[in-house]
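Got your viewer open? Here is a short tour, one selection at a time.

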Amino acid sequence: MKITRQKHAKKHLGFFRYNFGVREPYQLLLDGTFCQAALRGRIQLREQLPRYLMGDTQLCTTRCVLKELESLGKELYGAKLIAQRCQVRSCSHFKDAVSGAECLLSMIEDGNPHHFFVATQDQNLSLQIKKKPGVPLLFIIQNTVVLDKPSPKTIAFVKATESGHLFSVHQKQNIKKLKEEQGLVKTPEPKKKRKRKGVSGPNPLSCLKKKKKVQDSNQSSAPEKKRRKRIRNRNRVKALSVPSVRQSEEVQSNSVH
């Protein structure tokens, strides 16, 4: 029984991998009903899911699912603990939380570009997920995890893509890559982000004391005057020096007498 269950899982995974680009690590979105069923069946999700899907897995949930479990009280305390151990994926209901089912449906919009698996026991949510092509669905039955087969909507979508009427998100991404490699599509240059200047301290040069500039008032007010060269009169110097010599001789003669 276990071997046939894994064969079916391998077959379904190959279908989603080939047609929708599902790849490892598989991202599994869990809601509160799936966590509660795993708790009742004593299923070790972190051990059994990688073994069943034969690949690496990431258990994920959203803030809306966690808030929904908190609001339901003590009855779902164990399910809340399981959900809190999962990775929280950001949803668009950051301010106003919605129900877990509505939040998970918003996570797989636009062709499920992040390749999420949805794990739930909610039948209404399961029916709505089956209407969206390319979304793998997990549920628990008889204390075992089961990967549901592709829905009729998913199979019809794959047939339409094979006939050339539609293109899946995975095919659109591959076409875009091929065009970029061949240079048919110009990749836009990334815009340089301006660095915001933070609050900086004062300029150390502005903290220095200013030096007082001493300027001569005469130099600043009037231009420099040209100095005249004095020419000495040698005859006048000799005339002044003769009486001084005579006076010195008279003083010497008086001292002798």
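Start by selecting alanine 119: its bridge partner in strand 5 is leucine 138. Before going further, keep in mind that this is a predicted model.

**The parallel pair**

Now widen the selection to residues 116-119, which are strand 4, and residues 137-141, which are strand 5. These two strands pair in the parallel sense, over 2 bridges. While you have strand 4 lit up, colour by confidence: strand 4 is where confidence is highest in the chain, at 97.

**On to the hairpin**

Keep strand 5 and add strand 6. What is the sense of pairing between strand 5 and strand 6? They pair in the antiparallel sense, over 4 bridges. To see one of the partnerships, click phenylalanine 139, whose bridge partner in strand 6 is valine 146. Strands 5 and 6 form a hairpin, with 2 residues between them. Pick out glutamine 142 in that turn: its phi is positive, about 55°.

**The whole sheet**

Time to zoom out. Strands of a sheet pair through backbone hydrogen bonds, either parallel or antiparallel. Here you have an open sheet of 6 strands with mixed pairing, and the order across it is 3-2-1-4-5-6. Which strands sit at the edges? Select 87-89 for strand 3 and 144-147 for strand 6; each of them pairs on one side only. Going from one strand to the next, the twist averages 35°.

**Helices on the sheet**

Select residues 45-53 next. This is helix 3, and it lies across strand 1 (26-30), strand 2 (57-62), strand 5 and strand 6. Its direction runs at about 125° to strand 2. Then add residues 63-71, helix 4, which packs on the sheet and touches strand 1, strand 2 and strand 3. Helix 4 makes an angle of about 65° with the direction of strand 2.

**Two helices side by side**

Move to helix 6 (residues 100-107) and helix 7 (residues 123-130). Their axes come within 10 Å and cross at roughly 15°, and an angle under 35 degrees counts as roughly parallel. Helix 6 and helix 7 are therefore roughly parallel to each other. The crossing is right-handed. Show side chains for Ala101, Leu104 and Leu105 on helix 6, plus Leu125, Gln128 and Ile129 on helix 7, and you have the contact. Sorted by class, that contact has 5 nonpolar residues, 1 polar and no charged ones.

**Two helices that cross**

For another kind of helix pair, select helix 2 (residues 32-40) and helix 5 (residues 77-84). Their axes come within 8 Å and cross at roughly 110°, which makes helix 2 roughly perpendicular to helix 5. Where do they meet? Gly32, Cys35, Gln36 and Leu39 in helix 2 meet Gly78, Ala79, Ile82 and Ala83 in helix 5. By class, this contact holds 5 nonpolar, 3 polar and no charged residues.

**Two backbone stops**

Click proline 25, in the loop between helix 1 (2-20) and strand 1. The peptide bond leading to it from glutamate 24 is cis, with omega near -10°. Then hop to arginine 42, in the loop between helix 2 and helix 3. Arginine 42 has a positive phi of about 55°, although it is not a glycine.

**Last stop: confidence**

Finish at residues 217-221, helix 10, where confidence is lowest in the chain, at a mean of 49. Where pLDDT is low, the predicted coordinates should not be read in detail. For the chain as a whole, the mean pLDDT is 80, and 63% of its residues reach 70 or more.

Note on methods
Residues are numbered from 1 along each chain as its sequence is written. Side-chain values use heavy atoms; hydrogens and water are left out. Two strands pair if DSSP finds at least two bridges between them. Axes are lines fitted to C-alpha atoms, for helices over the stretch in contact, and angles run from 0 to 180 degrees between N-to-C directions. Contact means heavy atoms within 4.5 Å. Angles under 35 degrees count as roughly parallel, over 145 as roughly antiparallel, 65 to 115 as roughly perpendicular and the rest as oblique. A crossing is left-handed if the near helix is turned anticlockwise from the far one by less than a right angle, and right-handed if clockwise. Ala, Val, Leu, Ile, Met, Phe, Trp, Tyr, Cys and Pro count as nonpolar, Asp, Glu, Lys and Arg as charged, and the others, Gly among them, as polar. pLDDT is the predictor's confidence in each residue, from 0 to 100.
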